Amino acid sequence: MDVIIVVAIACLLIGLSKGGLGGPVPVALVTPLLSQVMPASQAVGIALPLLIFADLFALRMYWRQWDGRQVGLMLPAGLIGVVMGSLLLLTLANSGQNITLRRILGMFTLLVVIYKAVDNRLTSIHYTPRNWHGYLAGWASGFGSALANVGAPPFTAYMLLQNYTPKVFIGTTTLFFAIINAAKLPGVLSSQNVLNLEQFASILWAVPLIPLGVWVGRRFIDVINPKAFETLMLVLLFGASLMLLFSSPAA
């Protein structure tokens, strides 16, 4: 029963995020949440197809509202990061080091909380763009995304410094991570210790909750206080990071 509830909440969080409620913060909570009821490697693996399904909705909503030049700048390094992160994930999963992966996931989750605490200050920084900044942000996002489905902070920090309009910002984020998530799939499928297809088939009932979450996010984005919702997500993220860092892995 615990698994059913957690999977349902995870799908709703993905949908809420894609619907615009809470930005990338609800998505960052998905893998830590799943890791409370399954090994960390499987939590990373099961979250990926759910994220790819949600990407289809996000791409439709923000079609062509992206900066292709920026995606082209970051994507090559991002794909290198995906390869490196996937190799580390598979090494840890296949050697049974889920406790190590939990600690790494906990550190990444804590970094999301720290990042969100300072991200509002980024737009006020006097910034001179350099191409290598994009390469570094792309690599870090690809690596973090492949290893723990937590690649948004470096990407978002870099994008905030570019002063894009909200639609271009979200559209560029959507396209970049849709490609990154698709690139992660071959590595995840290569190991039963990361993505067990039978296990994933057992949670397919929850997939329709993603478009429901998108609808709820769109419908209530002007009703729910976005700052209060984001604060709630950050409190939950902080709690999840402590559990991952200091608790034992799920049986």
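## Leu237 and the main nonpolar core

In this predicted model, Leu237 touches Val25, Ala28, Leu29, Thr109, Val112 and Val113, leaving out residues up to four places away in sequence. Leu237 also belongs to the largest nonpolar core, which has 52 residues. Together with Ile14, Val30, Leu34, Ile46, Leu50 and Leu147, Leu237 touches the most other members of that core.

Several helices supply this core. Those that give two or more residues are α1 (2-18), α2 (25-34), α3 (40-61), α4 (68-94), α5 (98-118), α6 (131-148) and α11 (226-246). The largest share, nine residues, comes from α3. Apart from this core lies another one, of 20 residues, which includes Leu59, Leu73, Tyr158 and Ile180. As a general tendency, nonpolar side chains in soluble globular proteins are buried together.

## Helix α5

How does the length of α5 compare with what its 21 residues should span? At 1.5 Å a residue, the expected span is 30 Å, and the end C-alpha atoms are 31 Å apart, which agrees.

The buried residues of α5 are Asn98, Leu101, Arg102, Ile104, Leu105, Gly106, Phe108, Thr109, Val112, Val113, Tyr115 and Lys116. Three of the residues in that list, Thr109, Val112 and Val113, are also contacts of Leu237. An α-helix has 3.6 residues a turn, so residues three or four places apart point the same way.

## Helix α7 and its cover

Helix α7, residues 152-160, is mostly covered, with seven of its nine residues buried. The buried residues are Pro153, Phe155, Thr156, Ala157, Tyr158, Met159 and Leu160. Which helices cover them? The cover includes α4, α5, α6 and α8 (166-189).

Ser141 is found in α6. Ser141 counts as buried because its relative accessibility is 0%, and the cut-off for buried is under 20%. Leaving aside neighbours within four places in sequence, Ser141 is in contact with Gly151, Pro154, Phe155, Phe176 and Phe177. Of these contacts, Phe155 is itself a buried residue of α7.

Helix α8 also contains Gly187. At 18% relative accessibility, Gly187 counts as buried. The C-alpha atoms of Gly187 and Tyr158 are separated by 27 Å, and the two residues are 29 residues apart along the chain.

## A nonpolar patch on the surface

Nonpolar residues are also found on the surface: Leu12, Leu212, Trp215, Phe220, Val223 and Ile224 form a patch there, with about 530 Å² of accessible area together. Helix α10, residues 209-220, gives the most to this patch, with three residues. Val223 lies in the loop between α10 and α11. Is Val223 buried or exposed? Val223 counts as exposed, because its relative accessibility is 59% and the cut-off for exposed is over 50%.

## Leu16 in helix α1

Leu16 is found in helix α1. With a relative accessible area of 14%, Leu16 is buried. Apart from neighbours within four places in sequence, Leu16 is in contact with Leu21, Gly213, Val214, Val216, Gly217 and Phe229. The C-alpha atoms of Leu16 and Thr173 are separated by 16 Å, with their positions 157 residues apart along the chain.

## Gln199 in helix α9

Gln199 lies in helix α9, residues 197-201. At 22% relative accessibility, Gln199 counts as partly exposed. Which residues does Gln199 touch, not counting those up to four places away in sequence? They are Met38, Gln42 and Ile46. Gln199 and Ile46 are 153 residues apart in sequence, and their C-alpha atoms are 8.3 Å apart in space.

## Two residues with positive phi

Two loop residues have a positive phi although neither is a glycine. Arg64 has a phi near 65° and lies in the loop between α3 and α4. Asn149 has a phi of about 55° and is found in the loop between α6 and α7.

These residues fall into opposite classes of accessibility. Arg64 counts as exposed because its relative accessibility is 65%, whereas Asn149 is buried, with a relative accessible area of 7%.

Note on methods
Residues numbered from 1 in each chain as written. Predicted model: local features only at pLDDT ≥ 70, side-chain atom pairs only at ≥ 80, totals over all residues. Heavy atoms only, no water. Core = buried A, V, L, I, M, F, W, Y, C linked by side-chain atoms within 4.5 Å. Buried < 20%, exposed > 50% of the residue type's maximum accessible area, 1.4 Å probe, protein only. Helix = DSSP H or I, 4+ residues; strand = E, 2+ residues; numbered from the N terminus. Contact = heavy atoms within 4.5 Å. Patch = residues over 30% accessible without salt bridge, like charges linked within 9 Å, V, L, I, M, F, W, Y side chains within 5 Å. Areas by Shrake-Rupley, 256 points an atom, 1.4 Å probe, with all protein chains shown as cover. Salt bridge = Lys/Arg side-chain N within 4 Å of Asp/Glu carboxyl O. Expected span 1.5 Å × (residues − 1).
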